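Colleague: Please take me through this model one question at a time, with the cut-off behind each term when it first comes up.

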Amino acid sequence: MDGTAVIVDVGGGGVCHALLGTETIRCRPRKRLLRHRELTSSILAVGDRVAVTLLPDRTGVIEEIYPRVSVVSRKAAGRVPREQVLAANLDQAAAVVSLREPDFKAGTAIQLCVGARQGGMEPLVVLNKADLGTPEEVAAALQPLRHAGLRCIATSARNGQGLDELRRLLLGRWTLFFGQSGAGKSSLLNEVCPEAGARTQAVRAIGKGKHTTSGSRLHALPGGGFVVDTPGVRVFSFWSQPGEDSVAGVFPEITRLAHGCRFRDCVHLHEPDCAVKAAVARGEVDSDRYRQFLRLTRR
Ligand SMILES: Nc1nc2c(ncn2[C@@H]2O[C@H](COP(=O)(O)OP(=O)(O)O)[C@@H](O)[C@H]2O)c(=O)[nH]1
Ligand SMILES: [Mg+2]
Ligand SMILES: [Zn+2]
């Protein structure tokens with residue numbers, strides 16, 4: 001049986017696993033495919049749709065990699081910048097952040113959501129470790145994100161809070177879990193998908209740049225749908241500068257005000273008669289939000 005398969009994980013040398021129908025098979029790409037894409041970017045990514053030929057030993061040969069409809073990439077560490085595709089062709093991306101350990105930062109959540117939008121995935125904020133604070137602290141953390149029109153939920157992999165809601169949001173969809181190391185991605189995955197058996201890390205290792213998830217991996221949810229768990233990263237840096245539209249979407253209050261700036265191409269930094277700066281000065285736009293906006297647009 002030949003056909004279209006979905007990449008489940010990618011190992012060294014292009015050896016990977018793919019889901020063909022209901023069977024997970026070991027695959028290898030044709031050599032010519034390795035030459036086709038630039039060496040700086042991931043040739044194969046989790047979620048890629050591929051055409052495979054099945055060999056008699058039930059391993060597969062990847063004949064073709066279909067164009068990606070959505071993709072979230074980050075800049076991989078190293079001297080030569082390289083694009084690391086976290087996942088392709090998913091429809092939503094959950095920015096998993098924690099209230100504490102590591103401490104919540106609205107800017108990080110916003111940045112991840114912009115990255116999701118930029119890549120064509122619908123963002124969702126999952127504020128985990130809600131058990132480490134009061135309901136008031138959770139509400140205060142989510143307030144600016146909700147204000148920005150982002151869908152947010154608070155969860156705890158420890159006491160089960162919000163997990164039913166999370167399961168509902170994941171049902172029947174293809175979702176990426178990404179974000180800072182230690183926020184609880186693997187723990188949440190294990191809750192919604194008990195067969196995943198994802199390894200989680202000890203709290204004391206957090207912040208030392210270690211991670212226990214070696215690569216992205218696609219997991220099937222019991223009720224339908226898929227989740228991709230990704231290795232946590234200390235800092236998420238975009239592969240490409242986010243476009244205006246992706247940023248505008250999560251800063252609606254700033255985008256609205258920008259219509260009132262004197263210059264159409266105002267970047268709200270040093271220009272005269274800037275409606276955004278004026279609103280910040282009057283306290284009508286939160287100065288943290290303004291700084292986050294500048295950080296994402298000025299690079
Ligand atoms: N208190 C608390 N700890 C959690 C929660 N979720 C995960 N942890 C702990 O946080 C650490 C990191 O979790 P892990 O799932 O490996 O994070 P990942 O790096 O994002 O995959 C582990 O020690 C977990 O036990 C939670 O909801 N509450
Ligand atoms: Mg993990
Ligand atoms: Zn302006």
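Colleague: How many Å separate the centres of domain 2 and domain 3?
Modeller: This is a predicted model, in which local features need pLDDT of at least 70 and side-chain atom pairs count only at pLDDT 80 or more, while totals for chains, interfaces and linings use all residues. Residues are numbered from 1 along each chain as its sequence is written, and chains are lettered from A and ligands numbered from 1 in the order in which they are written. The protein chain is divided into domain 1 (3-67), domain 2 (74-79 + 85-229) and domain 3 (251-297), with bounds that come from an automatic or database domain assignment. Taken over C-alpha atoms, the centres of domain 2 and domain 3 are separated by 30 Å.

Colleague: How do the residues of the side of domain 2 that touches domain 3 divide into nonpolar, polar and charged?
Modeller: The contact, which requires C-beta atoms, placed from the backbone, to lie within 7 Å, takes 8 residues from domain 2 and 8 residues from domain 3. On the side of domain 2, the largest share, 5 residues, comes from H2, where helices (H or I, at least four residues) and strands (E, at least two) are DSSP runs numbered from the N terminus. Ala, Val, Leu, Ile, Met, Phe, Trp, Tyr, Cys and Pro count as nonpolar, Asp, Glu, Lys and Arg as charged, and the others, Gly among them, as polar. By that scheme, the residues of this side divide into 5 nonpolar, 3 polar and no charged.

Colleague: Which helix gives the largest share of the largest nonpolar core?
Modeller: A nonpolar core is a set of buried Ala, Val, Leu, Ile, Met, Phe, Trp, Tyr and Cys residues joined through C-beta atoms within 7 Å; a residue is buried if 20 or more other C-beta atoms, placed from the backbone, lie within 10 Å of its own, exposed if 12 or fewer, and partly exposed in between. The largest such core has 77 residues, of which Ala87, Ala95, Cys113, Val125, Leu127 and Leu176 touch the most other members. Its largest share, 6 residues (within the span 106-118), comes from helix H2.

Colleague: Is Trp174 buried or exposed?
Modeller: Trp174 lies in strand S11 and, leaving aside residues up to four places away in sequence, touches Leu90, Asp91, Gly225 and Phe226. Because 22 other C-beta atoms lie within 10 Å of its own, Trp174 is buried.

Colleague: And is Asp103 buried or exposed?
Modeller: Asp103 lies in the loop between strand S8 (92-98) and H2, and its C-alpha is 37 Å from that of Leu19, although the two are 84 residues apart in sequence. Because Asp103 has 11 other C-beta atoms within 10 Å, it counts as exposed.

Colleague: Which strands are the edge strands of the open sheet?
Modeller: Two strands pair if DSSP finds at least two bridges between them, and the open sheet of 6 strands has the order S10-S9-S8-S11-S13-S12, with mixed pairing. Pairing on one side only, the edge strands are strand S10 (152-154) and strand S12 (217-220).

Colleague: Within that sheet, which residue of S9 does Val96 stand opposite?
Modeller: S8 is largely enclosed by the rest of the structure, because 6 of its 7 residues are buried. S8 and S9 run parallel and are joined by 7 bridges. In S9, the residue opposite Val96 is Val126.

Colleague: At about what angle to S10 does helix H3 run?
Modeller: Axes are lines fitted to C-alpha atoms, for helices over the stretch in contact, and angles run from 0 to 180 degrees between N-to-C directions. Helix H3 (residues 135-147) lies across strand S9 (122-128) and S10, and its angle to S10 is about 170°.

Colleague: By how many degrees are neighbouring strands of the closed barrel turned against each other on average?
Modeller: The closed barrel of 5 strands runs S1-S2-S3-S5-S4, with mixed pairing. Direction ignored, its neighbouring strands are turned against each other by an average of 55°.

Colleague: Which turn residue of the S1 and S2 hairpin has a positive phi?
Modeller: S1 and strand S2 (residues 16-20) pair in the antiparallel sense over 4 bridges, and the bridge partner of Asp9 in S2 is His17. The hairpin leaves 5 residues between the two strands, and the turn residue with a positive phi, of about 65°, is Gly13.

Note on methods. Contact = placed C-beta atoms within 7 Å.
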